[in-house]
Amino acid sequence: MIDLDTQLERLAAEATRDAVPPEPAALARRGRRRRRRQLAGSALVVAAVVAAGLILPARLAGRAGDRPRPATAPATDVAGAASLGGYWFGKTDASVLLEEGVTPARRQAIRERLEDLDVVDQVYFESRAEAWARLKELYKGKPEILERTDPAVIPESFRVRLDAPEHFKRLLLALCPRPLTKVDAKLACIDGVEAVVDDKAPLKAVLVPKPWTATTDVTVFLAGAGEAEREAVRRRLAALDGVAEVTYVTPAEAYRRLPEKLRRDGRDPGKVTPLFSPASVPAAFHVALDGSVRVGEFHRALCGSRKTGACAGILLVLEHPRRR
Amino acid sequence: MADDGFAAFYAGSYRRLLGQLFAVTGDLAEAENVLQEAYVRAFARWSRVGDYDLPEAWVRRVAINLAAMAERSLRRQARALLRLGPPPLVPELSPDLLDLRDALAALPLGQRQVIVLHHLVGLPVEEVARELRLAPGTVKSRLARGRAAMAGSLDHDRSEVTS
C-alpha cells in the first residue's frame, strides 16, 4: 500500500506549484461583481488554442498577475474559430514542446531519442514559423485572438504519433523520468524538453463527459460528415463481435447537448461552449460493448491497428475503460 | 482593501488550501474558484472570522462545502462564480502522481472529502466528522472504502505500466 499522506502532499504541492494568489484587490472586486457574468478574454484564447491542437506552455498562456487585465474584459466570441480539425488533430497523439533556444544539435538528439522509443510510431517537427502560420490560418477571422498572441514565444515542437494512444504515459516517463523531490522544481524532463502534452486531453475532458461514458465503452469520431462514409463505418461496426449497441450522434446534436452535459459534469458551459461550433464537433458513434471483447481488441478489430489516423473514415477512437 | 491581518492570512494560506481543494475537486480551476469565493466570504466577515482560532479551517470548510455544492447542484452554474484570471493550464504532474490523481478523482465525493481531510490536512477522525457533520463511524467506513478503492486502482495501473 502506498504512503497516502506523503503522496497526497506531493500531489497538492505539484498541482499548485505555479499557482499565484490573485491580488487581494482583485478578490474584493470579485466580491462586488459576483453576479455579473464575465468571460476572461485571455482565458478563452488559451483554451481555444488548446482545443485547436496547439498546446501552449504556461509561459505563453500567462499566469494570474502576469499582465493587468481591464476590469471588464470584453467577452470574446470565438465560436466557429476554434475548430477541432486543427492540422495535427487526428494525426498525432502527443506534443513534445521544446525549450526556448534549444540548439539544432540538441533538437536532433531529442528527435533520435524519440525515434528510438518502442512506443513511438512517427515523429514530425513543427517550427515556430510553421506553428504561427497555422495559428494565423486557424484564426484568420478573429484578429483579436492573434493580437494577444506573441509569435516569439510559441514553442517549437515534435508532434508524435504513438503505436497505441494509451502509451502516452510511457512517452512521458521516457522524456520526463524523474518525479519531483522538491516542491518548487519543475517536472524534470530531459534537457531541451519543456513539456510533454497529451493532445487528446482537452477533447476527453469536454466532448466525452461522464453521462455518456456510463453506457459507452468507445466513442468513434468520424473523419467526414458524408452519409456514405457514415454508413460504411456503421456497417463495419455492425460486423464486429462484441458490440451491444451503437448510437449515432450528429454534430448538431452533440453541440446542442454540450451545455447540459457540461453542467452535469460540474463545468461552466459559458467558458467551454464558445470554443465549439456545430461545425467543429465531429460526428460520432457511441458504442457499448457486451463484455465479450476488451476495448483494446475492439479498436484493433475495427481499424487493423491502434495508431491514431490509421483508420479509414475515422478521425479518432476514444476508449473509456470502466470497471465491470 | 482594508487589512487587519487579512492580507497576510490570505497570502500565507492560499497555496496550502488550494492544494487541499485540488485534491478534493481534481480540477485546479474549480479549486481556485471555490477557494477564492470562500476567501471573499471570509473577507466580508473578517472582523468575526479573523478572531477565530483557525480562520484557515473556516475558509477550508466553506470552500469544501462550495465544492460539494458544485458537484451536487446545478443551480451553482447560475451563480457563475467568476474567475479572476486566465485559467492555469492542467498542472504538470509527475507520472506516478497522474495515477494518484485519477484514483482520487474516481472516488465518490464523500470519500474524497474524508481522505483529504484525514490524510492531507491531518485531522483526526473525530474532527473530520465534526467538520463534515457526519457520524465518526461514517467517516471511518468512508475512509476504509476510499483507501481500498485507491489501492485497487493504483495496483492495477502499476501492473499495466510494467507489463
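This report walks through strands, disulfides, cores and helices in a two-chain protein. The model is predicted, with chains lettered from A.

**The enclosed strand in chain A**

Let's start with strand E3 of chain A, which covers residues 157-162. Six of its six residues are buried, so the strand is largely enclosed by the rest of the structure. If you look at which way the side chains go, Ser157(A), Arg159(A) and Arg161(A) point one way from E3(A). Phe158(A), Val160(A) and Leu162(A) point the other way, and these are buried just as the first three are. Note that two arginines are among the buried residues here, namely Arg159(A) and Arg161(A).

What does E3(A) pair with? Strand E1 of chain A (residues 94-98) is one partner, antiparallel to E3(A) over four bridges. In that pairing, Leu97(A) has Ser157(A) as its bridge partner. Strand E2 of chain A (residues 120-126) also pairs with E3(A) in the antiparallel sense, this time over six bridges. There, Val120(A) stands opposite Leu162(A).

**Helix H8 and the two disulfides**

A little further along chain A comes helix H8, residues 168-175. H8(A) is mostly covered, with six of its eight residues buried. Those six are Phe168(A), Lys169(A), Leu171(A), Leu172(A), Ala174(A) and Leu175(A).

Now for the cysteines. Searching the whole structure turns up two disulfides over all chains. Here they are side by side:

| Disulfide | S to S distance | Angle about the S-S bond | Handedness |
|---|---|---|---|
| Cys176(A) to Cys189(A) | 2.1 Å | 85° | right-handed |
| Cys303(A) to Cys311(A) | 2.0 Å | -85° | left-handed |

Where do Cys176(A) and Cys189(A) lie? Both sit in the loop between H8 and strand E4 (193-198) of chain A, so the pair ties together parts that are 13 residues apart in sequence. Both of these cysteines are buried.

As for the other link, are Cys303(A) and Cys311(A) buried or exposed? A residue counts as buried when its relative accessible area is under 20%. Cys303(A) has a relative accessible area of 14%, so it is buried. Cys311(A) comes in at 10%, so it is buried too. If you number the bonded cysteines of chain A in sequence order, the pairing reads 1-2, 3-4.

**A four-stranded sheet with a helix across it**

Chain A also has an open sheet of four strands, in the order E6-E7-E5-E8, with antiparallel pairing. The edges belong to E6 (243-249) and E8 (314-319) of chain A. Each of these has a single partner strand, so one side of each is left without a neighbour in the sheet. On average, neighbouring strands of this sheet are turned by 20° against each other, direction ignored.

Looking at one edge, E6(A) is joined to strand E7 of chain A (residues 284-289) by six bridges, and the two run antiparallel. Within that pair, Tyr248(A) stands opposite Phe285(A) in E7(A).

Helix H14 of chain A (residues 295-303) lies across E5 (218-222), E6, E7 and E8 of chain A. Against E8(A), H14(A) runs at about 165°.

**Chain B and the cores**

Chain B is built from nine helices and zero strands. Of its 163 residues, 55% are buried. For contacts in chain B with a separation of 6 or more, 67% come from residues 24 or more positions apart. Chain B exposes about 7,200 Å², and carbon and sulfur atoms supply 53% of that.

Which residues touch the most other members of the largest nonpolar core? This core has 80 residues, and the answer takes in both chains: Val96(A), Leu114(A), Leu171(A), Val196(A), Tyr39(B), Val59(B) and Ile115(B). Helix H1 of chain B (residues 6-25) gives the most to this core, with ten residues.

Ile115(B) is worth a closer look. Leaving aside neighbours within four places in sequence, its contacts include Leu4(A) and Leu8(A) from chain A. From chain B, Ile115(B) contacts Leu104(B), Leu107(B), Leu120(B), Leu143(B), Gly146(B), Arg147(B) and Met150(B).

There is also a second, separate core of 17 residues. Among them are Val218(A), Val220(A), Val295(A) and Leu302(A).

Methods. Residues numbered from 1 in each chain as written. Predicted model: local features only at pLDDT ≥ 70, side-chain atom pairs only at ≥ 80, totals over all residues. Heavy atoms only, no water. Buried < 20%, exposed > 50% of the residue type's maximum accessible area, 1.4 Å probe, protein only. Pairing = 2+ DSSP bridges. Contact = heavy atoms within 4.5 Å. Areas by Shrake-Rupley, 256 points an atom, 1.4 Å probe, with all protein chains shown as cover. Disulfide = S-S within 2.5 Å. Axes fitted to C-alpha atoms, helices over the stretch in contact; angles between N-to-C directions. Core = buried A, V, L, I, M, F, W, Y, C linked by side-chain atoms within 4.5 Å.
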